[in-house]
Amino acid sequence: LLMSTGLLIAEEDVQEVVVISSKYPVPLEEVVGSVDSISLDDMETRMVSDLSDMLDKTIGVSVSKRNVSGRAYNDGISIRGLGGKRVNILIDGIRVADAYTGYGRDVVDVDLLKRVEILKGPSSALYGSDGLAGAVSYITKDPSDLAEFGQNFFSVNTSYDEDNEQTKVGFLAARVGERIESLIQVTGRELSQLELHDDATLELDPFDGEQTSVLAKFKFSLSDSVGLTLILDSQEFEGDYIFNSQAGPTDFSRNGPGAIASNVLGVDEGNRDRGTLSLDFSNSNSFFDNGSIRIYDQETDQKQITTRSKLILTSTPPAPSSAYRDYQFNQSIDGISADFFKSINNNGRLHNIVYGFEIENIEVQRPRIRYETNLMTGAINTFLGGEYYPNKTIPDTEIERQSFFFNDRFEVNDKTTIVFGARYDGYELTPTPDDLFYANAQSTNELYFIDDSEVSMKFGFLRDLSEQVSFYAQYAEGFRAPDFQSANLSFTNLAFGYAVGTSPGLQPEESEGYEFGFKGRTENVSWTLSFYDNDYENFIDTYIKGVNQQRITLYEYGNLDEVEIKGAEFEMNADISENLQASFGFSIPDGTENDEQLVSIDPEEAILGLVWNSNSGKLKLSGYANFTAGSHDNLPPSCGRGGCNPLLALSGLTTYDLYGSYQITESLKLRFAIRNLSDESYWNWASVQGKSATDSGLDLFMEPGRNMSMGLKYDF
């Protein structure tokens, strides 16, 4: 028997199961809705090294890149055209921390994962706030995944990625004993800046970084029915930049540049530490058959330091100075959650029920330090760029969440299944302003204290039309409570003549998702065809509130937009022979924002994959062709304070990737990857959508040309 999350599955019925759709294992072909999964074997085969690599073969999912102040990074995950903070990201069931601009969402080392599951469509009925577009669940490795009972398992691996000169070394050890299971994994990386395609006319600023991640997991069997799991997950990263792009005229205001900068350097530092203690138990009674209670704590501290030499042009005579900037982001998350599972068989009608609660406390601080020292006089200036420093653009904030959820998968008979889920979320946001916040905040600001609640629901059913084909339909709700930034961001920039004010009265963003489709399975082929229509209301975005008597343009967050995203997706996996497997999928999305074409929607795409294994099982080759259509027509112009410009449009293209592995000995495996095999020069739409066609920095978002990765793994 296999046991996962408290449910038992007979060995002869073992098939791919997912947890994200119901919080307990459900065979993928019986899921009501759209779910994708990425296995450890797939991640190792494709030599996944970051978020973009991990999701680039998942239909309807994309990862955008950003470049802010010379720092290039993976910004976030988009599901069916909607992303950012509108996708729940979890690790071992715990919400992943936020990240400050310049770090993106690569805050979990993908080498620690054994599986990733993606739920497409509103997910708040199970996972609460931020689940407008969907959810992504990271699942870390377990000792029993690697070691046999009573044995030890050791593994070392090393790899090199050409596109960013990344070298990686990892060590993994696991043991499964009679009462104790243990695992420890250490991964170290060193990398440089991403090398863009040779056609790019610009280069990203030079960068050298290093990262260390550690995962320790211990499972204690206290009795036949009670177990204890301790997870310690730590990640530290540091990067050094040379900001060539920021050298030259700087400190622009309405009157032009006020200085010339040189020797601009950056140091980014950060760490994310997580500890989780889980009590798992089975004791069949009237209320539950088994369950799990988790206590967790997660600390994230990030620091961005920039130094530069400057020649102040506004001084007479021009004076040399040194400038220092330190922007920080600190967040702590602690909480307790519980899941209880109960199966009830009522005259052949089976209810698989999961219910529980989550109580979470989040504290956020974002201080900013900046000053310049006149090297001739020694005077220190803290009024820079129209702002007084040190300051905080957001007051220190405490967020409390309390939730209760219930999900029932009701098997009416052997052909019909009904799913019902509901979740109550209470949300409190309490700002605590201090002198640093009021240094640049508008004096008329009214801080937004939130004490609100939401109930999210989902309904669905699955009906077998035959032994090979089933039909499903689902309605699901999502919401996103106003976060600390949209609620209380506030500062005044006199140099550029604008200010941002707090936003009392913001309402949560809401979504309603409708989906239906067909699932099929034969002996050699499985497939899913889905149609979806998601409606989103009360989108939060900035708008110009007005201009004050000092001719300062006032911005504020508000509930502005209504969005509709609809489309169709198809996915198929087939065993062509004992040695050859094929996969094919396509996505046809469409969306409107306030009745205009939604710019963020990815173009139509299709992915064809072939996997071949030699008769001996030693050699494995995988090839993928990614077909991407051109961007949508009739895009609205890009408008800002400087006027309106036409948006960038992209032509369709096809790219090819090749992956391979060879089992040199029983213990030693060689892996390789060749990405962008035909050396195409292109941008990913997710990274450049919404940019003007005349944007001078477009080439900074170009993808790498043909590049190769190599790796060795030794198990013993």
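Student: Where is the place of Pro390?

Tutor: This is a predicted model, by the way. In it, the peptide bond from Tyr389 to Pro390 is cis, with omega near -5°. As for its place, Pro390 belongs to the loop between β25 (387-388) and β26 (391-392).

Student: And which residues does the cis peptide bond with omega of about -5° in the loop after β19 join?

Tutor: Look at the loop between β19 (290-312) and β20 (319-346), where you'll find Pro317. The cis bond there, with omega about -5°, joins Thr316 and Pro317.

Student: Lys23 has a positive phi; is Lys23 buried or exposed?

Tutor: Start with the backbone: Lys23 isn't a glycine, yet its phi is positive, about 70°. Lys23 sits in the loop between β3 (17-18) and β4 (26-27). Buried means under 20% relative accessible area. Lys23 has 8% relative accessibility, so it counts as buried.

Student: What is the relative accessible area of Met47?

Tutor: Met47 is in the loop between α1 (40-45) and α2. Its phi is positive too, about 50°, although Met47 is not a glycine. Met47 is buried, because its relative accessible area is 5%.

Student: Which residues have the most contacts inside the largest nonpolar core?

Tutor: That core has 32 residues. Several elements each supply at least two of its residues, including α2 (51-55), β6 (61-68), β7 (71-79), β34 (525-547) and β35. Ile77 gives you a feel for the packing: leaving aside neighbours within four places in sequence, its contacts include Leu51, Leu55, Val61, Val87, Ile89, Val136 and Tyr138. The residues with the most contacts inside the core are Met54, Leu55, Ile77, Val116 and Tyr138.

Student: How many residues are in the other core, the one with Phe484?

Tutor: This one lies apart from the largest core. Among its members are Ile94, Ile362, Ile394 and Phe484. The count for this core is 24 residues.

Student: In the open sheet of five strands, which strands stand at the edges, and why is one side of each left without a neighbour?

Tutor: Read the order across the sheet: β5-β10-β11-β8-β9, with mixed pairing. At one end, β5 pairs with β10 in the antiparallel sense over six bridges, and Asp36 stands opposite Ile118 in β10. Each edge strand has a single partner strand, so one side of each has no neighbour in the sheet. Those edge strands are β5 (34-39) and β9 (94-95).

Student: How many residues lie between β29 and β30 in their hairpin?

Tutor: First, the pairing: β29 and β30 run antiparallel over seven bridges, and one of the matches puts Gly460 with Gln474 in β30. β29 also pairs with β28 (residues 416-432), again antiparallel, through 14 bridges, with Gly421 matched to Lys458. Back at the hairpin, the number of residues between β29 and β30 is four.

Student: Which backbone nitrogen does the side chain of Ser466 reach?

Tutor: Ser466 is in the loop between β29 (450-464) and β30 (469-480). With 36% relative accessibility, Ser466 counts as partly exposed. Ser466 is also 9.3 Å from Gly520, C-alpha to C-alpha, although the two are 54 residues apart in sequence. At 3.2 Å, its side chain reaches the backbone nitrogen of Gln468.

Student: How many aromatic pairs does a search of the whole structure find, and what kind is the pair of Phe491 and Tyr498?

Tutor: The search turns up 29 aromatic pairs. For Phe491 and Tyr498, the centres are 5.8 Å apart and the planes are at 80°. Planes over 60 degrees apart count as edge-to-face. That makes the pair of Phe491 and Tyr498 edge-to-face.

Student: Tyr498 also pairs with Tyr555; how many residues apart are Tyr498 and Tyr555?

Tutor: Their rings are edge-to-face, 6.3 Å centre to centre with 90° between the planes. The pair links distant parts of the chain: Tyr498 is in strand β32 (residues 498-501) and Tyr555 in strand β35 (residues 553-575). Tyr555 counts as buried, at 18% relative accessibility. Along the chain, Tyr498 and Tyr555 are 57 residues apart.

Student: Which ring does the charged end of Arg80 sit over?

Tutor: Rings can have charged neighbours here: Arg368, for one, lies over the face of Tyr327, 4.8 Å from the ring centre. The charged end of Arg80 is 3.9 Å from the centre of its ring. That ring belongs to Tyr532.

Conventions
Residues are numbered from 1 along each chain as its sequence is written. Side-chain values use heavy atoms; hydrogens and water are left out. Buried means under 20% relative accessible area, exposed over 50%, partly exposed in between (1.4 Å probe, protein chains only). A polar contact is a pair of N or O atoms within 3.5 Å; within protein, one must be able to donate a hydrogen and the other to accept it, and residues adjacent in sequence count only if both atoms are side-chain atoms. Two strands pair if DSSP finds at least two bridges between them. Rings of Phe, Tyr and Trp (its six-membered ring) pair if their centres lie within 6.5 Å; planes under 30 degrees apart count as stacked, over 60 as edge-to-face and the rest as tilted. A charge sits over a ring if NZ of Lys or CZ of Arg is within 6 Å of the ring centre and within 35 degrees of the ring normal. A nonpolar core is a set of buried Ala, Val, Leu, Ile, Met, Phe, Trp, Tyr and Cys residues joined through side-chain atoms within 4.5 Å. Contact means heavy atoms within 4.5 Å.
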